[in-house]
Amino acid sequence: MSQKDKKPFHVIYLGESGFPYGLAAIQKLIMISKALISVGAKVTVINRKGFFDPEKLVDIPLEGVVHGINYIYTSGTVYKPKSFFPRNIQKLRGIIKEFMFLRKLKKNNNLGAAIISCHHFGQTLLYRIYGWVLGFPIVLNYVEWASAMQHRKGWKVQINDYLFDNWLVQKMDGAFPISEVLIDNFKKIAPSKPQFKIPILCDYEEFNIPRVKREYPYFLYCGALVYREVVDFILEAFNQLPAEPRMDLYLILGGGQEEDLRKLEIDIKQLKEKDRVKIFRNIPRKDIPIYFKGASALLIPLRNTIQDEARFPHKIGEYVATGNPMIATNFGEVKHYFKDGENAFIADDYEVVAYAEKMKEVIENPKLAVEIGLKGQELCLQKFNYIHYGEPIKNFLEKM
């Protein structure tokens with residue numbers, strides 16, 4: 001085959017739903033895909049089931065290209081049915097069509113490797129079987145220690161996570177761990193399998209935008225409402241700050257139920273500066289950089305738990321890409337990249353008083369905060385810029 005006729009190395013993403021929209025998992029998918037595309041690879045995301053609310057119309061074709069990334073909904077619709085039987089019929093259709101799509105690609109010698117981004121044991125096991133039957137390598141996007149995630153409760157979920165972590169992970173052909181903890185774990189359970197660390201990735205240009213000035217300066221936290229413990233921690237720290245100079249707190253919260261939101265709003269009313277706390281829900285992805293860029297500092301208190309040691313929150317890369325300072329705690333991957341007073345504000349412990357002191361440092365030393373924020377941005381460009389990872393990721397997959 002001539003060089004002109006040679007097909008590009010084709011990588012398939014399996015296990016996600018809702019592309020091209022979504023939070024951290026979808027954004028990481030996009031960054032890895034853009035990195036691969038930048039070095040000549042082709043990427044296709046398969047959504048096996050509908051994701052969107054049928055009562056809220058979205059302009060998303062069943063097949064298309066976004067950011068240069070191909071995608072397809074094998075479910076036959078982008079919407080998730082509300083009733084039980086239509087929903088499960090759609091799932092079955094999506095599974096069958098997904099396998100047929102993969103088989104066709106393999107038959108046409110157009111399937112180089114698959115990246116799995118999923119914690120569901122049954123679904124991931126099926127992908128593992130696809131790889132064995134059709135003959136293509138499966139690499140796990142290894143970004144969480146599922147059984148250590150505190151919000152994943154219920155006996156079914158616990159059985160799923162136990163089997164996933166202790167049996168299925170080692171059956172992968174390789175892994176893309178996001179943290180040193182997951183690197184060590186993969187070495188332990190699958191010592192003969194290759195792995196390549198992919199940290200948080202971001203597109204710096206997305207955050208290279210003008211700052212929108214608000215009436216008052218503000219701290220900002222972005223996260224899931226399910227992490228209520230972390231939200232409460234931030235509120236307690238904020239409640240210890242002096243009344244002057246005025247600093248607001250923006251909470252960009254996703255997920256959760258309306259009842260959870262109401263409980264949070266009731267608790268906020270007990271704060272001495274309750275009027276300074278602003279909650280934002282369902283912010284469009286295109287507006288996230290605007291909020292991040294305008295903040296005086298961005299908050300991410302990591303806990304001293306296996307869950308937080310193993311993960312590396314995607315928003316950290318986006319935080320530091322803005323050039324604004326990050327306020328974190330010295331746990332997990334933070335301690336491998338950031339140093340207090342140099343490229344971030346880092347509290348030694350996950351304690352409200354210690355964290356509040358770092359928030360006070362930002363208020364009392366605005367020039368230093370700017371300098372530290374710019375140092376964090378330099379680190380982002382060196383370590384987290386997606387464009388640096390295309391060639392090594394592609395080489396890793398091709399060697400599989």
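Helices here (H or I, at least four residues) and strands (E, at least two) are DSSP runs, numbered from the N terminus. With that settled, take α10, which is followed by glycine 323, a residue with a positive phi near 85 degrees. This is a predicted model, so local features need pLDDT of at least 70 and side-chain atom pairs count only at pLDDT 80 or more, while totals for chains, interfaces and linings use all residues. Residues are numbered from 1 along each chain as its sequence is written, and side-chain values use heavy atoms, with hydrogens and water left out.

Back to α10 itself, residues 314-321: eight of its eight residues are buried, where buried means under 20% relative accessible area, exposed over 50%, and partly exposed in between (1.4 Å probe, protein chains only). That list includes charged residues such as Lys315 and Glu318, along with Ile316 and Tyr319.

Now for the nonpolar cores, meaning sets of buried Ala, Val, Leu, Ile, Met, Phe, Trp, Tyr and Cys residues joined through side-chain atoms within 4.5 Å. The largest has 95 residues, and Phe219, Leu220, Tyr221 and Phe338 have the most contacts inside it. Helix α6 (residues 228-238) gives this core its largest share, seven residues. Apart from it lies another core, of 32 residues, with Phe9, Val139, Phe396 and Leu397 among them.

Pick Phe219 and look around. Leaving aside residues up to four places away in sequence, it touches a list of residues including Phe238, Leu249, Ala297 and Ile363; contact means heavy atoms within 4.5 Å. Ile363 sits in helix α12 (residues 352-364) and, at 14% relative accessibility, counts as buried. With the same sequence neighbours left out, Ile363 touches Phe219, Leu241, Pro245 and Met247. The C-alpha atoms of Ile363 and Ala297 are 9.3 Å apart, although 66 residues separate them along the chain.

Next, helix α2 (residues 84-107). Its 24 residues should span 34 Å at 1.5 Å a residue, and the end C-alpha atoms are 35 Å apart, so the two agree; the expected span is 1.5 Å times one less than the number of residues. Gln90, Gly94, Glu98, Leu102 and Leu105 are its buried residues, and their cover includes β1 (10-14), β2 (42-47) and α3 (121-134). Just after α2, Asn109 takes a positive phi of about 55 degrees.

Finally, go out to the surface at helix α4 (residues 155-168), where you'll find Trp155. At 59% relative accessibility, Trp155 counts as exposed.
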